[in-house]
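Trainee: Could you take me through one part of this model in close detail? I would like to see how its aromatic side chains are arranged and what lies around them.

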Amino acid sequence: MSDASTEIEAEPDLVDLFAPEGFVSSLNSVHITGAQMRAAIETIAAVPVRSEADIAEHGRRLAAFASDYGFAPAPYAGMALHARAIAMDRWCQLHDPFGETDADAFYEAGARAKLIRTDEGLGFDPAPFAELIQFITEIPY
């Protein structure tokens, strides 16, 4: 048996990467709160996206953020935060360009909504995401 197959057997959570939707499932398996999502986005807010290098810097910062805060599963946490930040930005540009959405509900929904594959890359299904934001906004607490 090769060393590569031994590594995969030693880390069964990585096997899902090779299954259909395995990568997306791995990203969705990271548990994130709204407050953590807000803090993660604040971590990258100072780096405007003007090039691929800026996107890579966002990824680096979010990986460090995930490591510092002990997210699990660790191999996917930085990528999950990055994918969610991009999905949230994309949703805002298309569905809330004037920033009228309740910010707390938006971060909470961004942390919890299921990431899916879209024509533009990873994102959220727009209607269920908007419904989740509305639901969170209306929770009396």
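Mentor: Happy to, and please keep in mind that this is a predicted model. Let's start with two phenylalanines: F65 and F71 are both buried. Their ring centres lie 6.1 Å apart with the planes at 35°, and since stacked pairs need planes under 30 degrees apart and edge-to-face pairs over 60, this pair is tilted. A pair of aromatic rings is described in just this way, by the distance of the centres and the angle of the planes. By the ring-pairing rule, the count comes to seven aromatic pairs.

Another of these pairs is F124 with F129, where the centres are 4.4 Å apart and the planes stand at 0°, so the pair is stacked. Both partners are buried: F124 has a relative accessible area of 7%, and F129 has one of 2%. The two also belong to a cluster, in which ring pairs link W91, F106, Y107, F124 and F129.

F129 leads us on to helix α7, where it is buried together with I133 and I136. These three cover an arc of only 70° around the axis, which puts them on the same side of α7. Turn to the face pointing away from that buried side and you will find the exposed residues E131, F135 and E138. So α7 has a phenylalanine among its buried residues, F129, and a phenylalanine among the exposed residues of the opposite face, F135. As for what covers the buried residues of α7, the cover includes α5 (74–95) and α6 (103–112).

The length of this helix can be checked as well. α7 runs over residues 126–138, and at 1.5 Å a residue its 13 residues should span 18 Å; the end C-alpha atoms are 19 Å apart, which agrees.

Let me finish with a histidine, for a look beyond the rings we have discussed. H58 sits in helix α4, which comprises residues 52–68. Its relative accessibility is 9%, and because buried means under 20%, H58 counts as buried. The side chain of H58 reaches the backbone oxygen of V47 at 2.6 Å. V47 is also among the residues that H58 touches, along with I44, V49 and H82, when residues up to four places away in sequence are not counted.

Technical notes: Residues numbered from 1 in each chain as written. Predicted model: local features only at pLDDT ≥ 70, side-chain atom pairs only at ≥ 80, totals over all residues. Heavy atoms only, no water. Helix = DSSP H or I, 4+ residues; strand = E, 2+ residues; numbered from the N terminus. Expected span 1.5 Å × (residues − 1). Buried < 20%, exposed > 50% of the residue type's maximum accessible area, 1.4 Å probe, protein only. Arc of directions from axis to C-beta. Contact = heavy atoms within 4.5 Å. Polar contact = N/O pair within 3.5 Å; in protein donor to acceptor, adjacent residues only side chain to side chain. Phe/Tyr/Trp six-rings, centres within 6.5 Å; stacked < 30°, edge-to-face > 60°.
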